[in-house]
Amino acid sequence: MESKIPKSELTVIKLKPIEATPESFKEFGQVIEASPDGEEFGPADAQLDLSKGIPRFYIMNLQNRPLKFSTITHHASVTQCLGSIGGDVWYLGIAKPSLVDSEEVKNEKGKIAVQSRCGHFYVPPAIDDVHVFRIAGPKFIKLNRGTWHAGPLFKADAMDFYNLELSNTNVSSCALKPFSL
């Protein structure tokens, strides 16, 4: 579900990046940093939900992803993990998950819920609810189920990322719900 806004109505909004730390990112997911080998599973580890399909862990090569975006998307059925190979700096546009129950559909804080092609409902984020995070060094992020995101974005011509999602995240007609901001 992508809507187009006429270019004459577009407004450029500059967002100041927030350094991704476990504290600054907690409303959207987790920042996972290195832990000692042999340490037992705990709350600092990625709390994953891959229960609705076959997990896919792969290296994703991205090219020409400048530091700007006009659409944002979410994955309603899965958490997602992303990290740059080599720990290079990258950025991610983020807004809180806004999945709603069918009983909450009528109105959430004055906003109208939208039904996806898959049947789930969500409230599109407002531009004021979008943030940009800077991710640097040997860490990765885990996005909560339904977290809105745009990117990865970076200054280099190309970067490789490891990505953990479901095998059908990018092929299912229900998985991606981009819309213009």
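These legends accompany a set of close-up views of a predicted model.

**View 1. The largest nonpolar core and its best-connected members.**
Let's start inside the protein. The largest nonpolar core holds 18 residues, and F25, W90 and I141 are the ones that touch the most other members. Several strands feed this core: β3 (55-63), β6, β10, β11 (139-143) and β13 (158-166) each supply at least two of its residues. A second, separate core has eight residues, among them A46, C81, L164 and L166.

**View 2. The surroundings of I141.**
Here we zoom in on one residue of the largest core, I141. Setting aside neighbours within four places in sequence, I141 is in contact with F25, Q30, V31, Q80, C81, L82, W90, L92 and I135. Two of these partners, F25 and W90, are named alongside I141 as touching the most other members of the core. Another partner of I141 is C81, and C81 belongs to the second, separate core.

**View 3. S84, a buried serine in strand β5.**
S84 lies in strand β5, which covers residues 80-84. Is this serine buried or exposed? Its relative accessibility is 4%, so S84 counts as buried, the cut-off being under 20%. With neighbours within four places in sequence left out, S84 is in contact with W90, M159, D160, F161 and Y162. W90 will be familiar from the largest nonpolar core.

**View 4. The salt bridge between R134 and E19.**
The model has three salt bridges, and this view shows the one that joins the side chains of R134 and E19, at 2.9 Å from N to O. The pair ties together distant parts of the chain: R134 sits in strand β10 (residues 131-135) and E19 in strand β1 (residues 18-19), 115 residues apart. R134 is partly exposed, with a relative accessible area of 27%. E19 is partly exposed too, at 33%.

**View 5. Two salt bridges, K96 with E27 and E23 with K26.**
The side chains of K96 and E27 meet in a salt bridge, 2.9 Å from N to O. How many residues apart are these two partners? They are 69 residues apart, with K96 in the loop between β6 (90-95) and β7 (99-100) and E27 in the loop between β1 and β2 (29-33). K96 has 44% relative accessibility and therefore counts as partly exposed; E27, at 45%, is also partly exposed. The other pair in this view is E23 and K26, whose closest N and O atoms are 2.8 Å apart. Both E23 and K26 are exposed.

**View 6. A three-stranded open sheet.**
Three strands line up in the order β7-β9-β8 to form an open sheet with antiparallel pairing. β7 and β8 (114-115) stand at the edges with a single partner strand each, so one side of each has no neighbour in the sheet. Between β7 and strand β9 (residues 121-122), two bridges make the join. L99 stands opposite Y122 in β9.

**View 7. A nonpolar patch at the surface.**
We finish on the outside, where I13, L15 and I127 make a nonpolar surface patch of about 240 Å². I13 belongs to the segment before β1. With a relative accessible area of 46%, I13 is partly exposed.

Note on methods
Residues numbered from 1 in each chain as written. Predicted model: local features only at pLDDT ≥ 70, side-chain atom pairs only at ≥ 80, totals over all residues. Heavy atoms only, no water. Helix = DSSP H or I, 4+ residues; strand = E, 2+ residues; numbered from the N terminus. Buried < 20%, exposed > 50% of the residue type's maximum accessible area, 1.4 Å probe, protein only. Contact = heavy atoms within 4.5 Å. Salt bridge = Lys/Arg side-chain N within 4 Å of Asp/Glu carboxyl O. Pairing = 2+ DSSP bridges. Core = buried A, V, L, I, M, F, W, Y, C linked by side-chain atoms within 4.5 Å. Patch = residues over 30% accessible without salt bridge, like charges linked within 9 Å, V, L, I, M, F, W, Y side chains within 5 Å. Areas by Shrake-Rupley, 256 points an atom, 1.4 Å probe, with all protein chains shown as cover.
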